[in-house]
Amino acid sequence: MRIYLTYDEMPKKWFNILPYLPRPLDPPLDPGTGQPVSPEKLLAIFPEPLIEQEVSDKEWIDIPEEVLRIYSIWRPTPLQRAERLEKFLDTPAKIFFKNESVSPPGSHKPNTAVAQAYYNKISGTRVLTTETGAGQWGSALAFATMFFGIKCRVYMVRVSYNQKPSRRILMQTWGAEVIPSPSDRTSSGKKFLSQNPDHPGSLGIAISEAIENALSSDEIKYSLGSVLNHVLLHQTIIGLEAKKQFEKLGIYPDVVVGSIGGGSNFAGISFPFIRDKIVGERKDLEVWAVEPSACPTLTKGEYKYDYGDTAGLTPLLKMYTLGHDFVPPPIHAGGLRYHGDAPSVCLLYDEGFIKACAYKQTEVFSAAVLFARVEGLLPAPETAHAIKKVIDIALECKNNKEQKVILFNFSGHGYFDLSAYDEFLSGRMKDV
Ligand SMILES: *Cc1c(COP(=O)(O)O)cnc(C)c1O
């Protein structure tokens, strides 16, 4: 069963959670002075409209017409019911998912990439730099910049560049320049290369390179695919659409589940619902953030100020963190290997509005294969974390004879991750 919205029914504003937070966010700090970062410093990296959104206290922010038109290539996305999974589990729970895998890059990521490309275009940006691990974010930004005539420069973690050519080719097809990181194009890249000419790279190093490049010219800006307030804001279109779709059915979810890397897909599906929990309209709503055991930021991290990148170029953010020098084992859910989480998600977790849990990747892939076999859709490894939790909740419902309505974000498809499926199916996958 699929529940659709027409283009006219698509939300025309994003939802901003900041005015609803139970206490104000601790501001990002300048690592040099220990004082809140000045807007001028941020202007060297991000265009003004995005900095305004980063600190806005307005509840609703208009989605520009140009962004809506590009969204319409794949939005509104369907809300689907996983009836076959319910039947297979023999659970009284009703399982729904928002299918964000239908975007051309195959995940939720273009929801913010398109918005960021638009605001950069109207601010005079000619080149957008970014980092990418497995290539999901890079391909979303390559896709988005293409529509606005902005050049996209992606620093791609070298191991992924070498081992996962498919997403690199996708980015290049959409016209992006893809550079293996560490590279000899930046001083931070050169530093790591001099330590080890075959350095495999890391997301943190790639972020450092992309920011360094952005700082070299006014016409070059940097784009981040998660963690920041404006990124989470753009993703709320997911939850806002889902709310409208549930209204059509006359129901409201009891549980909302999302996987969590930096927090954007999780916030995208959950923030519009968490609003109702914060104001007391839906006090019993349960919200779960699911992470890998290999990178257990919320479940095992410390709540403190930390850098967003490895080299320490970014402002300090107050978040749950495993430490900016934390290197997780190389699990297949590349999008969930970030050492921190979005400050707003962390605050809500700290205040008890969100729960978190962690799974090992073999458990996660069992859930992914089960989902593929009963529902037919092949989840991304990141998405499969949410699916594993949904299955556990649905089985609890079976034991307790509870008819809960569960919503999760099907954040992306797994067609670029088939080698990971191969590793799992052949029993070679590490149990981390
Ligand atoms: C990137 C990604 C995620 C996690 O990223 P967040 O920053 O937490 O949103 C989840 N699922 C898919 C398919 C992704 O590509």
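Me: Ala, Val, Leu, Ile, Met, Phe, Trp, Tyr, Cys and Pro count as nonpolar, Asp, Glu, Lys and Arg as charged, and the others, Gly among them, as polar. How does the shell around the ligand divide on that basis?

Reply: The shell comprises 14 polar, three nonpolar and two charged residues. This is a predicted model in which local features need pLDDT of at least 70 and side-chain atom pairs pLDDT 80 or more, whereas totals for chains, interfaces and linings use all residues. Residues are numbered from 1 along each chain as its sequence is written, and side-chain values use heavy atoms, without hydrogens or water.

Me: What makes a residue part of that shell, and how many surround the ligand?

Reply: One of its heavy atoms must lie within 4 Å of the ligand. There are 19 surrounding residues, and Lys 109, Ser 226, Gly 261, Asn 265 and Ser 411 are the closest.

Me: Why does the approach of His 108 to the ligand count as a polar contact?

Reply: A polar side-chain atom of His 108 is 3.1 Å from a ligand oxygen, and a pair of N or O atoms within 3.5 Å qualifies, so the contact is polar. Backbone atoms also take part: Gly 261 has an N or O atom 2.7 Å from a ligand oxygen, and for Gly 263 the distance is 2.9 Å. Of the 380 Å² of accessible area (Shrake-Rupley, 1.4 Å probe) that the ligand has on its own, the protein covers 98%. Helices α13 and α17 (381-400) are the elements that give two or more residues to the shell.

Me: Why is the pair of Trp 74 and Phe 143 called edge-to-face?

Reply: The structure holds 20 aromatic pairs. In this one the ring centres are 5.9 Å apart and the planes meet at 65°; centres within 6.5 Å make a pair and planes over 60 degrees apart make it edge-to-face (under 30 is stacked, the rest tilted), so both conditions are met. Trp 74 belongs to the loop between α3 (65-71) and β4 (79-81) and Phe 143 to helix α6 (residues 136-146), 69 residues apart. Both residues are buried, that is, under 20% relative accessible area.

Me: What makes the pair of Tyr 252 and Phe 273 edge-to-face?

Reply: Their centres lie 5.6 Å apart and their planes stand at 75°, so the pair is edge-to-face. Tyr 252 is in the loop between α12 (237-249) and β10 (255-259) and Phe 273 in helix α13 (residues 264-278), so parts 21 residues apart in sequence are tied together.

How values were computed: Rings of Phe, Tyr and Trp (its six-membered ring) pair if their centres lie within 6.5 Å; planes under 30 degrees apart count as stacked, over 60 as edge-to-face and the rest as tilted. Helices (H or I, at least four residues) and strands (E, at least two) are DSSP runs, numbered from the N terminus. Buried means under 20% relative accessible area, exposed over 50%, partly exposed in between (1.4 Å probe, protein chains only). A polar contact is a pair of N or O atoms within 3.5 Å; within protein, one must be able to donate a hydrogen and the other to accept it, and residues adjacent in sequence count only if both atoms are side-chain atoms.
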